[in-house]
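The questions below ask how each contact earns its name. Each answer sets a value against a cut-off.

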Amino acid sequence: MKKNFIPILFLLFSIHVFAQKYQPTWESIDSRPVPQWFEDVKFGIFIHWGVYAVPAWAPADADIGIYAKYSEWYWWRKNEDSEAGKLFRDYHNQMYGEDFKYQDFAPMWKAQHFEPDDWADVFKKAGAKYVVLTSKHHEGFTLWPSEQSWNWNSVDIGPHRDLCGDLTKAVKDAGLHMGFYYSLYEWYNPLYHNNLEKYVDDHMIPQMKDLVTRYEPDIFWTDGEWDHPSEKWKSTEFLAWLYNESPVKDRVAVNDRWGKETRGVHGGYFTTEYDLVHDREGVGEVERPWEECRGIGTSFGYNQIEDLDNYMTSDGLVDLLIEKVAGGGNLLLDIGPTADGRIPVIQQQRLLDIGSWLDINGEAIYETRKWEGAENNDAENVYFTRKGNDLYVLCTKFPEKPVIVKGIKNVGKVSMLGFDGKVKSKKSGNTITITPPVLSPINNPSPYAWVFKIEDSL
Ligand code: FHN
């Protein structure tokens, strides 16, 4: 009897493994399409909120490259032997003194004005359809009561609140998709440095599964993957669990940061950051949905010394959204809340401006796809999206001359979104020439970008 027990167990185990739809290999994981909802939503809000919101500082104007301006890197930079490191150290020592440890900032993060419903309301008014919150950045501090992060989480210290839970509820109640950013590596966790395998098995994977089962996010957005290949992070094992067994298996979307070799190659949708595409073998060979992320200014975390020169204008942000969506991507625009729990007013204002533009022009953004015919049209400041047989022509500057669009099949009604008057157009062969209407401040539908819709044209 006993003799047969082991082979039977092995058989049952094998049946279980092969009955799973996705195997823990990149070939199998990559075969799962990114859920369609992700490609439809186009615009999301990234939130970088952590202990770094207390010092909230980076040398925004120094000529030291993009990454060194990230305020969320404060802890690392101030210990770094580099030009940027010196700037962070000098600032820290002057403001807080050499003996003041980064950890001492944690109790100063009070989040006393954090109103998750108000945040969700701003996101909704911005026209965003999804939100991605840093559940844990490279500093290892978790925004939920993680068992693995004892006394270094937002319930034990600082805000004394389950920030992931509270925001998830508010965002879901507002009808938006909720997602989490999660950093695989942790700068100063001794377990990470001394025993990677134990860190992955006993710390990282349990944390990731805890986040998924507790809050059921629609997006799992990993980062901090560059130290090790995905094999060491056991990424395909986690993804197989996520896709086969987790409570969000049918709807969850993930990104491409699962190991030093995976950006732009493996995983779910591809990501760029401040337009940086990570250049490595295999990148660009596979067509996947993609997403650009960046801050409104020079940093993801809040940087209190940024001024207007560091911030993109509302006009620039609307243009950025158009450019990314016309290129087939999504825009994940980051905000950096303050340590007391507010979204800085200037960031709110930028978001609401985007929202009012989307209120009128959203149909040219949401649920659209890239128009391949755009390649044959190279007029400056003119972009295209398509939905069904309709073509949208998005002009980021008001056209002074007629707009010529090549490569259409037919012409149905031609209109400008948000404008009631007639729009003149003329078709000749596969080309249509649209004469921009004369607008006044009274009937101008937008201060930022103007959209022509050509119905039944594709
Ligand atoms: O180091 C981080 C950075 O702080 C920020 O979180 C961005 C967001 O994409 N990702 C990392 C660098 O790629």
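Contacts and their criteria

Q: What makes the pair formed by an oxygen atom of the ligand and histidine 138 a polar contact?
A: In this predicted model, an N or O atom in the side chain of histidine 138 is 2.8 Å from an oxygen atom of the ligand, and because a polar contact is a pair of N or O atoms within 3.5 Å, the pair qualifies as one.

Q: How do you know that aspartate 223 and arginine 257 also make polar contacts with the ligand?
A: A nitrogen atom of the ligand lies 2.6 Å from a polar side-chain atom of aspartate 223, while an oxygen atom of the ligand lies 3.0 Å from a polar side-chain atom of arginine 257; both values are within 3.5 Å, so each pair meets the criterion. As for the ligand as a whole, it exposes 330 Å² when taken alone, and the protein buries 97% of that.

Q: Which residues come nearest to the ligand, and how does its shell divide?
A: Of the 16 residues around the ligand, those that come nearest are His48, Glu72, His138, Asp223 and Glu273, and the shell divides into eight nonpolar, three polar and five charged residues.

Q: Why is the pairing of aspartate 121 and lysine 125 called a salt bridge?
A: The N to O distance between their side chains is 2.9 Å, and since the rule asks for a side-chain nitrogen of Lys or Arg within 4 Å of a carboxyl oxygen of Asp or Glu, the pair is counted as a salt bridge. Both residues belong to helix α6 (residues 116-125), where they are four residues apart, about one turn of the helix.

Q: Why is arginine 32 said to sit over the ring of tyrosine 243?
A: Arginine 32 lies over the face of tyrosine 243 at 4.0 Å from the ring centre, and the distance part of the rule is therefore met, because the cut-off is within 6 Å.

Methods. Residues are numbered from 1 along each chain as its sequence is written. This is a predicted model: local features need pLDDT of at least 70, side-chain atom pairs count only at pLDDT 80 or more; totals for chains, interfaces and linings use all residues. Side-chain values use heavy atoms; hydrogens and water are left out. A residue is near a molecule or strand if one of its heavy atoms lies within 4 Å of it. A polar contact is a pair of N or O atoms within 3.5 Å; within protein, one must be able to donate a hydrogen and the other to accept it, and residues adjacent in sequence count only if both atoms are side-chain atoms. Accessible areas come from the Shrake-Rupley method with a 1.4 Å probe; for residues, only the protein chains shown count as cover. Ala, Val, Leu, Ile, Met, Phe, Trp, Tyr, Cys and Pro count as nonpolar, Asp, Glu, Lys and Arg as charged, and the others, Gly among them, as polar. A charge sits over a ring if NZ of Lys or CZ of Arg is within 6 Å of the ring centre and within 35 degrees of the ring normal. Helices (H or I, at least four residues) and strands (E, at least two) are DSSP runs, numbered from the N terminus.
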